[in-house]
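Visitor: Please pick one part of this structure and take me through it closely. Then follow the chain outward from there.

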Amino acid sequence: MNENQLFIAKTQFGLEDILAGELKALGAKDIQLLTRAVSFRGGLQMMYAANYNCRTALHILMPVLDFKFRDKEQFYELIKKFDWSQFFEPDKTIAIDTVMSDTFFTNSHYVSLLCKDAIADHFREKYNRRPSVELENPDIRIHMHIRGHECSVSFDSSGGSLHRRGYRVKQGMAPMSEVLAAGMVLLSGWDKKTNLFDPMCGSATILTEAAMIAGNIPAGYYRKSFGFEEWNNFDEALWQAVKDEADEKIAEYECEIVGSDNSGSALAAASDNLRSAHLHKDIHLTQCDFREFRFPKEKGMIITNPPYGERIKPDDIIRLYKDIGDTLKNNCAGYAAWIISSHFDALKFIGLKPGKKITLFNGPLECKFVKFEIFEGSLKDKKIREK
């Protein structure tokens, strides 16, 4: 692989700038912002480093083939003609994901099957052997993007999605993606020194990602495998060197990271996840309603993901968000609070002026990630003191 190979790092909407910053810090070249993605250039070492270190990446794709086609017959022939054997052996299992738009093809599953047949025939003619399909846990993942009569084919160097860090052993009722949680912590501008609180922590994903950030624990530290390990050009010594370089930066942190929840089952899942990540001694959990949580008087930061009203009545959701606002105003003077929610009307009942709003998606739900600064006294009093 040359040192100027193009890669596409997929991410969630709203996290593109954060991901670009992560890639820049790793030394990636020619970084370009895309929609839900960031392109960059580098070599094998950069590909390994991006997979292991980037907290807001979902997949690191390596484009290998771009072509135009007239019809399905030419599409098949061009796929079959490509030298797949330079990347993997015929005894590997494969899975093909297809995304398409504005094309005469009407079924993405059919296109994936057509591509699979072309790859199988390539290997059969060359080796009299062929790869088999394995949808759940394939050795090789191939992504196809078709628009009109143009096709782009990429290998997924990550394998499964990078949000699957490897530490989560239990899930709560509505688990948040690890990538989204890490993105929220990074978007908040948390300095890794200020005490951090999540008073509705669920299975502790935000807290775990925050602790990994504070302790410089690489995003892929707990993950058991990556897609590129099945490629022909896998360099085990280089991969180990990339991991060693990142792992040497792991350090203790001095701030407090604290979570609470009123659900015993959620906290049980949180405890299991923290133990799996070896962070159970570093993150403090307590079972109580957020209204009863005792926030320390020294300044802190709150990042939390309250219910959106999916499972509770409309009247209750308004009451909940009013209580969140009252709790912040009465108990959290000097704090900054970041709250994510898809219930835009309920957010208004917090009763504090937002300092910043960022559009993010939690699964399919469009959300606002909103910052509230809680001043001692009123905002009017603060402005008077500043004059």
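Guide: A residue counts as buried when its relative accessible area is under 20%, and as exposed when that area is over 50%. Partly exposed residues fall in between. Keep in mind that the model is predicted.

Start with strand β4, residues 59–68. Of its 10 residues, 8 are buried, so the strand is mostly covered under that cut-off. It has pairing partners. Strand β1 (residues 5–10) runs antiparallel to β4, with 3 bridges between them. In that pairing, His 59 of β4 is the bridge partner of Lys 10. Strand β8 (residues 150–156) also pairs with β4 in the antiparallel sense, here over 7 bridges. One facing pair is Pro 63 and Ser 154 of β8.

Now take Phe 40, which sits in strand β3. Its relative accessible area is 0%, so it is buried. Its C-alpha atom is 6.5 Å from that of Ile 8, although 32 residues separate the two along the chain. Leaving aside residues up to four places away in sequence, Phe 40 touches Gln 5, Leu 6, Phe 7 and Ala 9, among others. Its contacts also include Leu 23, Ala 28, Lys 29, Asp 30 and Ile 31. Met 46, Ala 50 and Ile 60 are on the list too. 

Turn to the backbone nearby in sequence. Arg 36 lies in the loop that joins β2 (29–34) to β3 (37–42). Its phi is near 60 degrees, a positive value, and Arg 36 is not a glycine. Most residues other than glycine have a negative phi. Arg 36 has a relative accessible area of 38%, so it is partly exposed. Asp 102 also has a positive phi, of about 55 degrees. It belongs to the loop between β5 (93–101) and α4 (108–127). At a relative accessible area of 63%, Asp 102 is exposed.

Next comes an open sheet. It has 7 strands in the order β11-β10-β9-β12-β13-β15-β14, and the pairing is mixed. The edge strands are β11 (283–287) and β14 (354–362). Each has a single partner strand, so one side of each has no neighbour in the sheet. From one strand to the next, the twist averages 20 degrees. Inside the sheet, β9 (residues 195–198) and β12 (residues 300–304) pair in the parallel sense over 3 bridges. Leu 196 stands opposite Met 301 in β12.

Helix α6 (residues 205–214) packs on this sheet. It touches β9, β10 (257–261), β11 and β12. Its direction makes about 175 degrees with that of β10. A further helix, α8 (residues 264–276), lies across β10 and β11 and runs at about 165 degrees to β11.

How well covered is α6? It is mostly covered, with 10 of its 10 residues buried. Those residues include Thr 205, Thr 208 and Glu 209, along with Ile 206, Leu 207 and Met 212. The cover includes α5 (178–187) and α8, as well as β9, β10, β11 and β12. Just after the helix, Asn 216 takes a positive phi of about 55 degrees.

Finish with the empty space. There are 2 cavities of 30 Å³ or more. The largest has a volume of about 70 Å³. Its lining includes Pro 199, Met 200, Phe 290, Phe 295 and Ile 302. Three elements, β12, α9 (314–331) and β13 (336–341), each give at least two lining residues. The largest share, 3 residues, comes from α9. By class, this lining holds 9 nonpolar and 2 polar residues, and no charged ones.

The second largest cavity has a volume of about 40 Å³. Around it stand Asn 51, Cys 54, Leu 162, Arg 164, Arg 165, Ala 219, Gly 220 and Arg 223. That lining has 3 nonpolar, 2 polar and 3 charged residues.

Definitions and conventions: Residues are numbered from 1 along each chain as its sequence is written. This is a predicted model: local features need pLDDT of at least 70, side-chain atom pairs count only at pLDDT 80 or more; totals for chains, interfaces and linings use all residues. Side-chain values use heavy atoms; hydrogens and water are left out. Two strands pair if DSSP finds at least two bridges between them. Helices (H or I, at least four residues) and strands (E, at least two) are DSSP runs, numbered from the N terminus. Axes are lines fitted to C-alpha atoms, for helices over the stretch in contact, and angles run from 0 to 180 degrees between N-to-C directions. Contact means heavy atoms within 4.5 Å. Buried means under 20% relative accessible area, exposed over 50%, partly exposed in between (1.4 Å probe, protein chains only). On a 1 Å grid over the protein atoms alone, a cavity is a set of points where a 1.4 Å probe fits but cannot get out, and a pocket is an open set with protein on both sides within 12 Å along at least five of seven lines; lining residues have an atom within 4 Å of a point. Grid points are joined across faces, edges and corners, and a volume is the space filled by probe spheres set on the points. Ala, Val, Leu, Ile, Met, Phe, Trp, Tyr, Cys and Pro count as nonpolar, Asp, Glu, Lys and Arg as charged, and the others, Gly among them, as polar.
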